[in-house]
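Please walk through this structure with me, beginning where the two chains meet and then working outwards to the relation between the copies, the packing inside one chain and the confidence of the prediction.

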2 protein chains.
Amino acid sequence: MFPTKADVHGIKRQEVLREAASFFNFKGYHATSLTEIATSLGVTKAALYHYFPNKNSLLAACFEQAMDVAFASLERGRKEGKNGRDRLVLTISGYVSQLIDELNCCVVLMEEQALEPGDRAKLVRQRDKFERALRALVKEGIEDGSVVPCDPKLAIFVILGAMNWVAKWFKPSGAWTPAQLTLALSQIFERALSSTPATALPRDVGELQVAGSREPVKPASAGKRVLTFTGPLRGNQNKK
Amino acid sequence: MFPTKADVHGIKRQEVLREAASFFNFKGYHATSLTEIATSLGVTKAALYHYFPNKNSLLAACFEQAMDVAFASLERGRKEGKNGRDRLVLTISGYVSQLIDELNCCVVLMEEQALEPGDRAKLVRQRDKFERALRALVKEGIEDGSVVPCDPKLAIFVILGAMNWVAKWFKPSGAWTPAQLTLALSQIFERALSSTPATALPRDVGELQVAGSREPVKPASAGKRVLTFTGPLRGNQNKK
DNA sequence: GCCGACTAACCGCGCGGTTAGTAAACCGAC
DNA sequence: GTCGGTTTACTAACCGCGCGGTTAGTCGGC
């Protein structure tokens, strides 16, 4: 019923990660100081060390979470898609929309070089696996006729580029909702790759009606005083 | 005939800029130290201050050069293109190929936030102007029927994303030549946007035959001891 | 002898990371 | 209940390092 200590710790940890990811996206890893992240969360730098052992592990956690999302989307795409193109587009759009939700957009690969060798090797391994899986979807699509013949490697580079770029310009407060953006993006990709491209695309992303979406999106975490929260945790003697 | 002192200074300056851009692209602005750039050029940090007043001005010069290239490409595209789509694709591909040649790929917008306020405002103004021009080309293409109806803003975001991403993965030593890459990229963009999309694309970028290109590309500046070069500048009493 | 190009040595600042200490919540004994 | 000891969450103050930037001085072509 009530959250246990461990729950609260996990929630705060996620909040720290989210704030860090936000800064890393906007200013870059090296340009962001821990003091900055801490201040923005209403605590001091030393407090962050209760949740992460050092700055680099924050970045590593970003990548880890992003890759988890990537493979989950891939799984979903594989299951729900009817053909290669369908699976590819589902994977991509699931990935983008989840990252926007969970991490305020993630750097994805932007600053991979800043990771420590061990973490970096792991990331590169996973990322390559993900990219190979995407390329395999393109090949599958070419074979089943849903995707126009092309160089899968380049096609995936183009798509990843457009996706990762989103983190640089997308603002939740802007004219487009995440759902609208995701939909419009996937329609462009679909058109670029489909063997039977659509004859028209949305003229204005902001006007798109999205099927199952809660429209104006939660107005960000307005009063996020998640850290510095104290209070009794009644009922925590047994796991909830 | 022989270079004057001022010429040599200019050449060396450009070499410094190129090396800096290379590092900024690969590791990011804040992760790159001046010592690192200098060492890689075979000089000490203090030597760089003969060519640029401080680190930030190196970044500013990168952006300035990139924007010069951008507007030059735009001009060329406007002149040589037959319709909106044509002009857009010419602009983009000219931009990409020139940046690869001149700056070892440029960050373009990647770390705009690191600029000092004055330089940044200038960059943002120019970049917005460039983006507006690109969007105008999309609109023009929609009106003249060469481009599929779409949201010009999103279309340009996608294209810029794919383009800027190139700097992150392209290696001159790789399997693809800059010319092949540029051509293949523009074909993908063309297909994504054209009102009459191609039914096929290159299956392997590395196999592309490019019209007017010197193939294997100069093997980078292998023995670049441009700085630390000393020697007589015979005949420099009058401008060459 | 002058002047431009460059080096070696240095400076102060702000960063990531650490330490000692405080306040409050928790938990078992009675 | 409530009282003591333990644990968790956090702060204030501090440390050393490496950075961007500066200074004084050397070398060599003109």
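In this predicted model, a natural place to begin is helix α7, where F157(A), V158(A), L160(A), G161(A), A162(A), N164(A), W165(A) and W169(A) of α7(A) meet F157(B), V158(B), L160(B), G161(B), A162(B), N164(B), W165(B) and W169(B) of α7(B). Sorted by class, the residues of this contact between α7(A) and α7(B) are twelve nonpolar and four polar, with no charged residues. The two helices, each spanning residues 152-169, pack with their axes 7 Å apart and at an angle of about 105 degrees. Because angles from 65 to 115 degrees count as roughly perpendicular, α7(A) and α7(B) are roughly perpendicular to each other.

A second pairing across the interface involves helix α8, residues 178-193. Here α8(A) and α8(B) pack at an angle of about 110 degrees, their axes lying 8 Å apart, which means that α8(A) is roughly perpendicular to α8(B). The crossing of α8(A) and α8(B) is right-handed. I188(A), R191(A) and A192(A) on the side of α8(A) meet I188(B), R191(B) and A192(B) on the side of α8(B), and this contact of α8(A) with α8(B) divides into four nonpolar and two charged residues, with no polar ones.

Taken as a whole, the interface places 33 residues of chain B in contact with 33 residues of chain A. On the side of chain B that touches chain A, the elements giving two or more residues are α1 (5-27), α7 (152-169) and α8 (178-193) of chain B, and α7(B) gives the most, with nine residues. By class, this side of chain B has 21 nonpolar, six polar and six charged residues.

How is chain B related to chain A? Chain B is superposed on chain A by a rotation of 180 degrees, with 0.0 Å of shift along the axis and an RMSD of 0.0 Å; that is the relation of a two-fold axis. Among the residues of chain B, A192(B) comes closest to this rotation axis, its C-alpha being at 2.0 Å. The same surface serves both copies, since 100% of the contact residues of chain B recur in chain A.

Within chain B, helix α4 (residues 55-80) and helix α6 (residues 117-144) offer another packing to examine, their axes coming within 11 Å and crossing at roughly 20 degrees. Because angles under 35 degrees count as roughly parallel, α4(B) is roughly parallel to α6(B). α4(B) passes α6(B) in a left-handed crossing. The contact is made by A60(B), F63(B), M67(B), A70(B), F71(B) and L74(B) from α4(B), together with D119(B), L123(B), Q126(B), F130(B) and A133(B) from α6(B); by class, these are nine nonpolar, one polar and one charged residues.

It remains to consider confidence. The mean pLDDT of chain A is 83, and 82% of the residues of chain A reach 70 or more. Among the elements of chain A, helix α2 (residues 34-41) has the highest mean pLDDT, 96, and helix α1 (residues 5-27) the lowest, 86. Over residues 214-225 of chain A, pLDDT stays under 50, and the model has seven contacts beyond four places in sequence for this stretch. Over residues 231-240 of chain A, pLDDT likewise stays under 50, with 15 such contacts in the model. Where pLDDT is low, the predicted coordinates should not be read in detail.

Definitions and conventions:
Residues are numbered from 1 along each chain as its sequence is written. Chains are lettered from A and ligands numbered from 1 in the order in which they are written. This is a predicted model: local features need pLDDT of at least 70, side-chain atom pairs count only at pLDDT 80 or more; totals for chains, interfaces and linings use all residues. pLDDT is the predictor's confidence in each residue, from 0 to 100. Helices (H or I, at least four residues) and strands (E, at least two) are DSSP runs, numbered from the N terminus. Two residues are in contact if their C-beta atoms, placed from the backbone, lie within 7 Å. Axes are lines fitted to C-alpha atoms, for helices over the stretch in contact, and angles run from 0 to 180 degrees between N-to-C directions. Angles under 35 degrees count as roughly parallel, over 145 as roughly antiparallel, 65 to 115 as roughly perpendicular and the rest as oblique. A crossing is left-handed if the near helix is turned anticlockwise from the far one by less than a right angle, and right-handed if clockwise. Ala, Val, Leu, Ile, Met, Phe, Trp, Tyr, Cys and Pro count as nonpolar, Asp, Glu, Lys and Arg as charged, and the others, Gly among them, as polar. Copies are superposed by least squares on the C-alpha atoms of residues with pLDDT of at least 70 in both.
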